[in-house]
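Trainee: I am new to this structure. Please take me through one part of it closely, and begin with how far it can be trusted.

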Amino acid sequence: MVGTPYCMHNINGVNCWGLVAAYYHERGQDVPNYVINRVNAHEIASAFTAAFVSGSHGFEKTDTPQEGDVIVFNSKTRNHCGLFIGGKCLHSTPGSGVILQEIKDVRGFSSHEFWGKACRR
């Protein structure tokens, strides 16, 4: 997955949620698909975060992340997500595409939370 280009529409690459969805789909687990574009990106991010908090994705918040858990990054103006892989964050960003980096090096967000699939807990 590392090196896959970023694409807001998940056509010739993946956005942050597209990466998470592809990871879970490859493992036979359902997660909703979101179509993100410049017009609704903030709306989708807000719905995505609300769905995580409500538990409607089948994820539970955890303080002890496991391989493949979702990392949700938050700020006042935007949200982002990635996967907890090898103690790092696998995520897709404009300009870099899919990269693996230290969680502390994901810039521009005030906080992050870990969410694991409830069926694995």
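Among the elements of the chain, which has the lowest mean pLDDT and which the highest? After that, please keep to the sheet and what packs on it.

Mentor: This is a predicted model, in which local features need pLDDT of at least 70 and side-chain atom pairs count only at pLDDT 80 or more, while totals for chains, interfaces and linings use all residues. Residues are numbered from 1 along each chain as its sequence is written, and side-chain values use heavy atoms, without hydrogens or water.

The lowest mean pLDDT (the predictor's confidence in each residue, from 0 to 100) belongs to helix α2 (residues 41-54), at 62, and the highest to strand β5 (residues 97-101), at 95. For the chain, the mean is 80, with 74% of residues at 70 or more. Helices (H or I, at least four residues) and strands (E, at least two) are DSSP runs, numbered from the N terminus.

Now the sheet. It is open and has six strands, in the order β1-β6-β2-β3-β4-β5, with antiparallel pairing; two strands pair if DSSP finds at least two bridges between them. Strands β1 (59-62) and β5 are at the edges with a single partner each, so one side of each has no neighbour in the sheet. From one strand to the next, the twist averages 35 degrees. Four bridges link β1 to β6 (residues 111-117), and Lys61 lies opposite Trp115 in β6.

Helix α1 packs on this sheet and touches β1, β2, β3, β4, β5 and β6; its direction makes about 35 degrees with that of β3. Such angles run from 0 to 180 degrees between N-to-C directions, with axes fitted to C-alpha atoms, for helices over the stretch in contact (heavy atoms within 4.5 Å).

The largest nonpolar core (buried Ala, Val, Leu, Ile, Met, Phe, Trp, Tyr and Cys residues joined through side-chain atoms within 4.5 Å) has 18 residues, of which Val20, Tyr24, Val70 and Leu83 touch the most other members. At least two residues each come from α1 (16-26), β2 (70-74) and β3 (79-85), with α1 giving the most, seven. A second, separate core of eight residues includes Ile71, Phe84, Val106 and Phe114.

One residue of the sheet to look at is Thr93, in strand β4 (residues 88-93). Thr93 counts as buried because its relative accessibility is 16%; buried means under 20% relative accessible area, exposed over 50%, partly exposed in between (1.4 Å probe, protein chains only). Beyond its neighbours within four places in sequence, Thr93 is in contact with Tyr6, His80 and Ile99.
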